[in-house]
Amino acid sequence: MRRTAVLLALLLLAVGTVAAQGVDPPERPESAVEEETGGEERPSGPEEVVIAPAHLTNTVRVAALDRVFDLQATDHPNDAGGSVSLAWDFDIKDEVPDSLAVIRRGPSGVEERIATLGGISTRYTDTTVSDGDSYSYWIESLRPDGTPAAVSDEADASSSAQWIHSGRVAMLIILAALSLIIIYYIETAKRGKKLYIREIAGLAAVDDAVGRATEMGKPVLYIPGIMDMDDIQTIASMVILGRVAIKTAEYGSALMVPTARSVVMSVAQEVVKESYLQAGRPDAFNREDIQYLTDDQFGYAAGVDGIMVREKPAAIFMLGTFYAESLILAETGRSVGAIQIAGTAMPSQIPFFVAACDYTLIGEELFAASAYLSREPKLLGSLKGQDAGKLFFIILILLGVIAATIGQFWAPLSSVADFLRSLVAVS
Amino acid sequence: MRIVIPLAITFVAGMIMVLNFFVPHEPFKLLGDNLQEWYMIVASAAIFLGAMNLLHVHFRKIRLKLKNWKYSPVTIIGFLMMLVTGIIYGVVEGMPFDYLFQSAVVPMGATMFSLLAFFVASAAFRAFRASNWRATLLLTSAFIVMLGQVPIGAMIWDKIPLAKVWLMSVPNTAGQRAVMIGAAMGVVATSLRMIFGIERSYLGGTD
Amino acid sequence: MAGMIEKMGNLDRRIIFILIALSVIIPLALGLIFPNPVGAEPSRALFDYVEALPAGSSVLLSFDYDPSTMPELQPMAMAMLQHLFRNDVKVVGMALWPMGASLGQDAMSSVGDSLGKVQYEDWCMLGYKTGGGVMIVRLGSGIQAVFPTDKDNVPWSEIPMLAAYSTLQDFDMVLSLSAGDPGIPAWIMMAGDRFGVPIGGGCTAVSAPQFYPYLGTGQLVGLLGGLKGAADYETLVREHPDAVGAEGGRAVAGMAPQSVAHLVIMLLIVMGNVAYFAEKKRKGGVK
């Protein structure tokens, strides 16, 4: 077991080292113009676009531009249709035009100026086309008085909608595979196969914490983080709240839930109510104990600190998304002598919780809590699937690190590394 | 039925959002955008629920003279003052609402934030004990980072800031990534459980 | 002796609080200034990147914070603006946080005035827009649609410098001063990864560790972490031969109290450990 941990630590260290040495920075093509102007080492924009050197903005905008060339019109990729992307380049002789006009000829043959741009623009997206029709575009560079100085060649394009986002295909496949693995393990678990789940100290302590509060006749305080219901950690927190509420209902101790968002308050009220119903104690449910404080981050921290100091809860749960208020809450909770169980997937807040709380659920443990507490086979199955997914990524990372490292000396492997990177890159 | 309808809504909305990410074509884009807007509308409407709850809880406390009821008038007065000045004068600069915000809310927020300095000290004092080799490792790295983060570190030895940068960009980065990847897997699994209705404890149903 | 050691091990937190308060107040009151040498840190990487921007380049500076984190982030804004303006870089400001817009406008106008830069020609403040990452994506297809006017409701078309910008890609880099969410991660994911605009920035010391992974991959060109990052940038800006009239920064002044406070915390930790081991030895002896 320890050996596995050491191996994992070494692996992580390797990942960190390779990344820190900059083996795999995203490739950025160098602009051709920059090379001419002495090659400032400055990454430029995305692949298909060449940016005009910015220092030209400073020159006096008097003379006209010789020509705009290499105009390319293409269907705007990965959209719902209705737009065409234009990109072009300049022939520069230390002069920039005052402005540029984008001209379009539609399917009916009507010519119209669809935009006037700043003199250094090199791209434009026309979002007013209809799919399937062919349009012709050209660019005119204009003098300060508005007369055209030069005209580019014409470029034709028509727009269309895409059924699949080309930059996300690999991710779709990975997601589908992960989902299948998870569903497979859920089915296995449903058929009654016994699944092992390791001990998570923080979750094993939930019973003790609620029991202790009951013995001392003090309330349980549940803090669901400061983000709204559209944050997955808040959703996970609500699921755990349901489990904790069943326990407080069974033990008969008071449960207080102060929230920083109104939607979270409404959801928490329903969740706790359902749990009390399920535990057969609907009479013990007290809607006033689940209250909204404020949306303001530190106002909320002050309000919760006040509740801790006045009510002196015996057990405090802090599960969800936390920012800088994490330690303010956890230290105050500690000072009133509460047993504290925290959990978050915010990497920068985990150390604070570890230092100030009795138990901390780190990252994914927060999402595993519901399965752990309920021991429902279906939920446990999904945990197992999650582990399989993690194994997949560990292997992928390992292969990537090896390929990128050896690729430094032996070119073929670096293209393998590039391929692996492209698998997980999302645009 | 009581559980089936919410589960069906979760499934449909969840699938729309997933498809919206992978399929740029209509109708998914429109549906996805609409769902996000609906959430904004629901959340905005819920602010009234929150405000009503706040007033209800505190008026009830005062009426029934519950424990610590004396704090409740402060909350209610503060709430109403901000609300009334905001409605009457608007929220632009130089108006009473802005004045209250700048000279009361802002300094109080800053005060809460600066409490961190004190709490970090007391938490560090308690947490950093060299009780075993791993804790000692943690303690050592904490000292290096603390020294590297201030000029004194470089005065003692000019390599300390470099050691700090190494600690931050190699072991720290590795740990951060591990947590991020693990959490991301958790997010995928949790989302799947919700979308497919496997997790339904939040609706009060176990099976 | 044993009693004292025990006391040392369980020091009342109020004593710790007083010690920390004194360690900050005394150096501030004495006006102590420590030299602040800057090594090969992410702050230097950011400075070097900005330094390499040719005159006339454009930077989008996003003020993604509010007054509660101002002590750490405002000095960064001031130092960055001094650097950008000194190098004749055009600066367009905006904010992902509502309060950031006025903080940004204050910083831009005060630094701009001191270096003779003109609003609407050398800099302008577009203001705040809600939406975080979603809004940044929209900037990628058209800035004017998102910000039809600047913060003071001056129409886009009446601001001469804005004619040069149609989308996010027209900027040579984005700098985000970020106190939380939305902030640097949103800029990296949307502006950096989707539109290829280089991203740099500054953040509170608490959240700095979270951004180191992005430095490794090059998704962030450099980073200022907390007051130390701000002090580094101030030092680098001032050390430069062109540094005419650069003011002594507030962040550098903050390094002395921070140094003393760190030393005090380390001393406390050492004390706690001495007590811990003494206690352990005593208990071991009894056995």
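Visitor: Which residues of helix H2 of chain B are buried?

Guide: In this predicted model, the buried residues of helix H2 of chain B are B:Phe28, B:Ala46, B:Gly50, B:Asn53, B:His58 and B:Lys61. When you read such a list along a helix, keep in mind that an α-helix has 3.6 residues a turn, so residues three or four places apart point the same way.

Visitor: What covers those buried residues?

Guide: The cover comes from two chains: it includes H6 and strand E11 (290-292) of chain A, together with helix H1 (4-22) and helix H3 (72-89) of chain B.

Visitor: How many residues does helix H2 of chain B have, and how far does it reach?

Guide: Helix H2 of chain B, residues 28-63, has 36 residues and reaches 51 Å from its first C-alpha to its last, which is close to the 52 Å expected at 1.5 Å a residue. Just after this helix, B:Lys65 takes a positive phi of about 45°.

Visitor: How many residues does each of chains A and B bring to their contact?

Guide: The size of an interface is often given as the accessible area lost when the parts come together. Here we can count residues instead, and the contact takes 74 residues from chain A and 59 residues from chain B. On the side of chain A that touches chain B, the largest share, nine residues, comes from helix H6 (residues 262-278) of chain A. By class, that side of chain A has 41 nonpolar, 20 polar and 13 charged residues.

Visitor: In what order do the strands of the sheet in chain C lie?

Guide: The six strands form an open sheet in the order E3-E2-E1-E4-E5-E6 of chain C, and their pairing is parallel. Strand E3 (123-128) and strand E6 (223-225) of chain C stand at the edges with a single partner strand each, so one side of each has no neighbour in the sheet. From one strand to the next, the twist averages 15°.

Visitor: Which helices of chain C pack on this sheet?

Guide: Helix H4 (residues 70-86) of chain C packs on the sheet, and its direction makes about 160° with that of strand E4 of chain C. Helix H5 (residues 100-114) of chain C also packs on the sheet, touching E1, E2 and E3 of chain C, and its direction makes about 170° with that of E3 of chain C.

Visitor: Which residues have the most contacts inside the largest nonpolar core?

Guide: In soluble globular proteins, nonpolar side chains tend to be buried together. The largest nonpolar core in this model has 211 residues, and those with the most contacts inside it are A:Tyr222, A:Leu241, A:Ala268, A:Ala315 and C:Leu81. The largest share of this core, 11 residues, comes from helix H5 (residues 232-251) of chain A. A second, separate core of 14 residues includes A:Leu117, A:Tyr124, A:Ile139 and A:Leu142.

Visitor: Is A:Met318 buried or exposed?

Guide: A residue counts as buried when 20 or more other C-beta atoms lie within 10 Å of its own; A:Met318 has 28 within 10 Å, and therefore it is buried. A:Met318 lies in strand E12 (residues 315-319) of chain A. Leaving aside neighbours within four places in sequence, A:Met318 is in contact with A:Ile223, A:Leu329, A:Ala330, A:Gln340 and A:Ala342.

Notes. Residues numbered from 1 in each chain as written. Chains lettered and ligands numbered in written order. Predicted model: local features only at pLDDT ≥ 70, side-chain atom pairs only at ≥ 80, totals over all residues. Contact = placed C-beta atoms within 7 Å. Helix = DSSP H or I, 4+ residues; strand = E, 2+ residues; numbered from the N terminus. Nonpolar A, V, L, I, M, F, W, Y, C, P; charged D, E, K, R; others polar. Expected span 1.5 Å × (residues − 1). Buried ≥ 20, exposed ≤ 12 C-beta atoms within 10 Å, placed from the backbone. Pairing = 2+ DSSP bridges. Axes fitted to C-alpha atoms, helices over the stretch in contact; angles between N-to-C directions. Core = buried A, V, L, I, M, F, W, Y, C linked by C-beta atoms within 7 Å.
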